[in-house]
Amino acid sequence: MRKLFKFLTPPPQWKLPVLVSLGIFVGLGFYVLYLSKAASYLSDDPKTCVNCHVMAPQYATYQHSSHREVATCNDCHVPHNNVFNKYFFKAKDGLRHATMFALRMEPEVIFILEEGREVVHNNCIRCHSQTLTDPKLATQVPQHTHNTQGRVCWDCHREVPHGRVNSLSSVPNARVPVPSSPIPDWLQEYMEESKLENE
């Protein structure tokens, strides 16, 4: 361990430049975390999903669904078998989303990936398991058992909870929370003062 530390320690004449470079790098890293609202992704607040503007239609349709009263986005889209899996899945999926958004690779029409489909299906079963195994429904509803086995829930419940939303143009006038400005208050004030002086 000591040899590794000695190997990583820069020569005396390079200590100051290395420390300054590391300070700048760490400072920029924290600034990027601040701008991306990274801490908000640890919560279950549905407004977090519209940090990325391409999710506005999904947020708007969710807000008009019955699920809004009993579930958040994470209740459906994140595994709940244990806390480690939940945050691992959120981190992995979030990094993929952030990368696609930062590199401008987000598709015009958004479809859920296979891994996400499996998570959503398992969460449907987790919340609605009583409906699937209800003996009254099994005797009253024709082919209840046949219709609830060996298929995903949205084969029948196609429009729950997002309707037929596929793209930004699906709900052009949707009211969604506007993300707050990433510009710090002091810079915003300075820009406004400069604008007034130039007029």
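## L8 and the nonpolar patch

In this predicted model, L8 has a relative accessibility of 60% and therefore counts as exposed, since the cut-off for that class is over 50%. The residue belongs to helix α1, which covers residues 2-8. Together with M1, L4 and F7, L8 makes a nonpolar patch of about 570 Å² on the surface.

## E192 and the negative patch

A second surface patch carries negative charge, and the residues gathered in it are D185, E189, E192, E193 and E197. One of them, E192, is found in helix α9, which runs over residues 185-198. Because its relative accessibility is 44%, E192 counts as partly exposed, a class that lies between the limits of 20% and 50%.

## Backbone geometry at R104 and P161

Most residues other than glycine have a negative phi, and most peptide bonds are trans. Two places in the model are described here against that background.

R104, which is not a glycine, has a positive phi, with a value near 60°. This residue lies in the loop that links α5 (83-102) and α6 (114-133), and its relative accessible area of 55% means that R104 is exposed.

The peptide bond that leads from V160 to P161 is cis, and its omega is near -15°. P161 itself is placed in the loop between α8 (144-148) and α9, the helix in which E192 is found.

Key
Residues are numbered from 1 along each chain as its sequence is written. This is a predicted model: local features need pLDDT of at least 70, side-chain atom pairs count only at pLDDT 80 or more; totals for chains, interfaces and linings use all residues. Side-chain values use heavy atoms; hydrogens and water are left out. Patches are made of residues with over 30% relative accessible area and no salt bridge: like charges are joined within 9 Å, nonpolar side chains (Val, Leu, Ile, Met, Phe, Trp, Tyr) within 5 Å. Accessible areas come from the Shrake-Rupley method with a 1.4 Å probe; for residues, only the protein chains shown count as cover. A salt bridge is a side-chain nitrogen of Lys or Arg within 4 Å of a carboxyl oxygen of Asp or Glu. Helices (H or I, at least four residues) and strands (E, at least two) are DSSP runs, numbered from the N terminus. Buried means under 20% relative accessible area, exposed over 50%, partly exposed in between (1.4 Å probe, protein chains only). Lys and Arg count as positive and Asp and Glu as negative; His and the chain ends are not counted. The place of a charge is taken as NZ of Lys, CZ of Arg, CG of Asp or CD of Glu.
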